[in-house]
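Student: I am new to this structure. Please take one part and look at it closely.

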Amino acid sequence: QVQLVESGGGLVKDGGSLRLYCEASGGTFSGKTMAWFRQPPGKDRDRLAAINWAGGAAYFVDSVKGRFTISRKTAKNTVYLQMNSLDPEDTAVYYCAAARSTGWISDSPPNYSMYYWGKGTLVTVSS
């Protein structure tokens, strides 16, 4: 059974940094797209970034480009999201997702059913 466990969220001040972690288990992830989504209070879940098995990354939200970096350690089934220059607008629950099938997945809008999901980690940025 696939499990994704996020960690690293918390309270940070405007302009601060956080590093989110996602540990995946119960499946094979080396050939699959991994992604980070976020859902601000009262809003839809948005895909922020995705990464393939070779480390190639794509970013889907303009406001995080240049501030957030997605990376992965395939051997450890771990995906990271480094978040710098955080803004109160970044306050959200952040979710790790793993594609159910192999290959690069970058459909827009994203099909949520194509992913396994973690339970999320809350990031709160205070002004």
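Tutor: Buried means under 20% relative accessible area, exposed means over 50%, and partly exposed lies in between, with a 1.4 Å probe and protein chains only. Trp-53 is therefore partly exposed, at 38% relative accessibility. The model is predicted, so local features need pLDDT of at least 70 and side-chain atom pairs count only at pLDDT 80 or more, while totals for chains, interfaces and linings use all residues. Residues are numbered from 1 along each chain as its sequence is written, and side-chain values use heavy atoms, leaving out hydrogens and water.

Trp-53 sits in the loop between β5 (46-51) and β6 (57-59); strands are DSSP runs of E, at least two residues long, numbered from the N terminus.

One residue that touches Trp-53 is Arg-72, in strand β7 (residues 68-73). Contact here means heavy atoms within 4.5 Å. Not counting residues up to four places away in sequence, Arg-72 also touches others, including Phe-29, Ile-51 and Asn-52.

Arg-72 is buried but has no salt bridge, that is, no side-chain nitrogen of Lys or Arg within 4 Å of a carboxyl oxygen of Asp or Glu. The nearest side chain of opposite charge, Glu-23, is 14 Å away; Lys and Arg count as positive, Asp and Glu as negative, and His and the chain ends are not counted.

The side chain of Arg-72 does reach backbone oxygens: a polar atom of it lies 2.9 Å from that of Phe-29, and that of Ile-51 is reached at 3.5 Å.

How values were computed
Helix = DSSP H or I, 4+ residues; strand = E, 2+ residues; numbered from the N terminus. Polar contact = N/O pair within 3.5 Å; in protein donor to acceptor, adjacent residues only side chain to side chain.
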